[in-house]
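Q: I'm a first-year student and I'm trying to learn how to read a model like this one. Could you take one small spot, look at it closely, and then walk me outwards from there?

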Amino acid sequence: MTMDRYVITGKQRLEGRVRTSGAKNAALPLIAAAILAEGKIVLQGVPLLTDIVYMTEVLRKLGCQTEFEDNNLIIDSTTLHESTIDEELMRKMRASNLILGPMIARNGRVKISRPGGCAIGTRPMDQHIKGLKELGVTIHEKHGYIEAIAEKLRGNEVYLDIPSVGATENIMMAAVLAQGTTTVRNAAREPEIVDLQNLLNKMGAKVRGAGTHVIKIEGVKELRGTEHSVIPDRIEAGTHLIAAVMTGGDITVENVIPEHISPVIAKLRQGGAEVIPNSDSVRVKHKGRFKALDIKTLAYPGFPTDMQPQFMALLAIAEGTSIITETIFENRFQHVAELTRMGAKITIEGRAAVICGVPKLEGAFVEATDLRAGAALFLSALAAEEGTVLEKVDHIDRGYENLEEKYRALGAKLQRVVKQP
Ligand code: UD1
């Protein structure tokens, strides 16, 4: 696959206002949940990203109808007639495994190609499978496929060994149409799970407890169509805040729920940035050098692993030595080699990275290896002394809507070079 590149002129001070798009990681399970409805689901504020397009392709493959009108996505699942998703489509996007729960509830049967490992780790599905089995689902795994069949779903107690976001969502989406009550313990607490609960309840489900470690789902007979607005993307918002600090700028990020990014705000303040939260915006100003600090990634409300690479880019130019410990994914330091090409001094010791801050980064030829690694390099290029060529920016397109337009408006100088096939 040929991919585009960015040519970025460094050292521009960024200032102004930027509006965060709807959250990709909230929208993906919401789209999957539309499979459950006996009517139309209208999702507002859906970001136009490649991952979202792949997810709608998955639904269309199952026989649903989907239509985008600007950032509104209309999904009609009444025409659903397929139950298999082939390898080609599954490989494009891991999160398509989120159809397991809603498909089994709606259709009684589903077969998906097992998602492979990805750049940041092996990413097993044992907790998804364990939870669905507790609800009465029979699962066959062979030839790289996962086939799930259930004549009837029964509510049950489910204990997750790890508070997995995807497993919590899949189990919720299966349990809403089960007979009886399901209790998920050690559930993930991410804001995206609260958003899913809100949509499901508007559809007529009886879910409570999302945002805590115990979620209770009382099964209902059927779910109806409704409208829902996707929460703002907390990872996108956090990325803009770091851009302000790395360029010595002053940025107000609009459409953000400050509580959702409280670990990022806390760490920015600890390093010396001025952060001014409002009801639905956050302003960040910074001058001089950021101060080194330590970070450990954890499940929400801990520091998000999806912000780890971007924060490492900032710590690369901080004053002093920082340690980042990655506890969620085993292989999420791929950006280190590329940051080193830009002059960063980082060593990896198992699950920790030791970052000796340097006064400035240099422009270089670098490559985005995955979505958030790409974001880290994008930020580094904005702050670097000279120009940078950032290859494979299609990875960044998976998670950031209108990135070029947004950053040009803030004063960045960048150009996208579209590669000819
Ligand atoms: C979601 C996010 C992703 C984010 C991650 C962690 C979406 C679409 N993606 O991914 O951007 O980086 O949360 O915040 O929302 N695990 C198991 N067994 C399982 C499931 C997970 O061992 O059955 C492990 C994973 O390998 C990982 C950890 O649990 O180490 C967390 O994964 P999980 O919360 O499931 O992440 P995702 O839902 O895949």
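Does Asn186 count as buried or exposed?

A: Sure! One thing to keep in mind first: this model is predicted. Asn186 counts as buried, because its relative accessibility is 19% and the cut-off for buried is under 20%. You'll find Asn186 in the loop between strand E11 (181-185) and helix H7 (191-202). Its side chain has a partner, too: one of its polar atoms sits 2.8 Å from the backbone oxygen of Leu160.

From here, let's hop to helix H6. This helix is mostly covered, with ten of its eleven residues buried. Among those buried residues are Gly166, Glu169, Asn170 and Met173. Look at the start of H6 as well, where a side-chain oxygen of Ser164 comes within 3.5 Å of the backbone nitrogen of Gly166.

Ser164 also leads us to the ligand. There are 17 residues around the ligand, and Ser164 is listed with Asp126, Gln127, Asp306 and Ile328 as the closest. Now zoom in on some atom pairs. Asp126 has a polar side-chain atom 2.7 Å from a ligand nitrogen, while Asn25 places a polar side-chain atom 3.0 Å from a ligand oxygen. With Ile328 it's the backbone that takes part: one of its polar backbone atoms is 2.5 Å from an oxygen of the ligand. How much of the ligand does the protein cover? On its own the ligand would expose 740 Å², and the protein buries 84% of that.

Which elements build this shell? Helix H1 (24-33), helix H5 (126-134) and helix H6 (165-175) are the ones giving two or more residues each. H5 has the largest share, with three residues. Sorted by class, the shell holds seven nonpolar, six polar and four charged residues.

Next, empty space. Rolling a probe the size of a water molecule over the atoms shows where empty space is left. The second largest pocket holds about 340 Å³ of space. It has 19 lining residues, and those closest to its centre are Met246, Thr247, Ile317, Pro359 and Ala383. Helix H8 (234-246) and helix H12 (371-383) each bring at least two residues to this lining. By class, that lining splits into nine nonpolar, five polar and five charged residues.

A pocket is open, but a cavity is closed off, so a probe that fits inside a cavity cannot get out. Searching the whole structure turns up one cavity of 30 Å³ or more. The largest cavity has a volume of about 40 Å³. Its lining includes Thr20, Pro232, Arg234, Asn255 and His260. By class, the residues lining this cavity are five nonpolar, three polar and two charged.

Stay with Asn255 for a moment, since its backbone is worth a look. Its phi is near 60°, a positive value in a residue that isn't glycine. Asn255 sits in the loop between strand E15 (250-254) and helix H9 (262-270). At 21% relative accessibility, Asn255 counts as partly exposed, because that value falls between the 20% cut-off for buried and the 50% cut-off for exposed.

His143 has a positive phi as well, near 50°, and His143 isn't glycine either. Its place is the loop between strand E8 (138-142) and strand E9 (145-149). His143 has a relative accessible area of 75%, so it is exposed.

Two prolines round off the tour. Pro301 is joined to Tyr300 by a cis peptide bond, with omega at about 10°. You can spot Pro301 in the loop between strand E18 (295-296) and helix H10 (308-316). Pro102, on the other hand, lies in helix H4 (residues 100-107). Its relative accessible area is 0%, so Pro102 is buried. The C-alpha atoms of Pro102 and Ala32 are separated by 6.7 Å, although the two residues are 70 residues apart along the chain.

How values were computed
Residues are numbered from 1 along each chain as its sequence is written. This is a predicted model: local features need pLDDT of at least 70, side-chain atom pairs count only at pLDDT 80 or more; totals for chains, interfaces and linings use all residues. Side-chain values use heavy atoms; hydrogens and water are left out. A residue is near a molecule or strand if one of its heavy atoms lies within 4 Å of it. A polar contact is a pair of N or O atoms within 3.5 Å; within protein, one must be able to donate a hydrogen and the other to accept it, and residues adjacent in sequence count only if both atoms are side-chain atoms. Accessible areas come from the Shrake-Rupley method with a 1.4 Å probe; for residues, only the protein chains shown count as cover. Helices (H or I, at least four residues) and strands (E, at least two) are DSSP runs, numbered from the N terminus. Ala, Val, Leu, Ile, Met, Phe, Trp, Tyr, Cys and Pro count as nonpolar, Asp, Glu, Lys and Arg as charged, and the others, Gly among them, as polar. On a 1 Å grid over the protein atoms alone, a cavity is a set of points where a 1.4 Å probe fits but cannot get out, and a pocket is an open set with protein on both sides within 12 Å along at least five of seven lines; lining residues have an atom within 4 Å of a point. Grid points are joined across faces, edges and corners, and a volume is the space filled by probe spheres set on the points. Buried means under 20% relative accessible area, exposed over 50%, partly exposed in between (1.4 Å probe, protein chains only).
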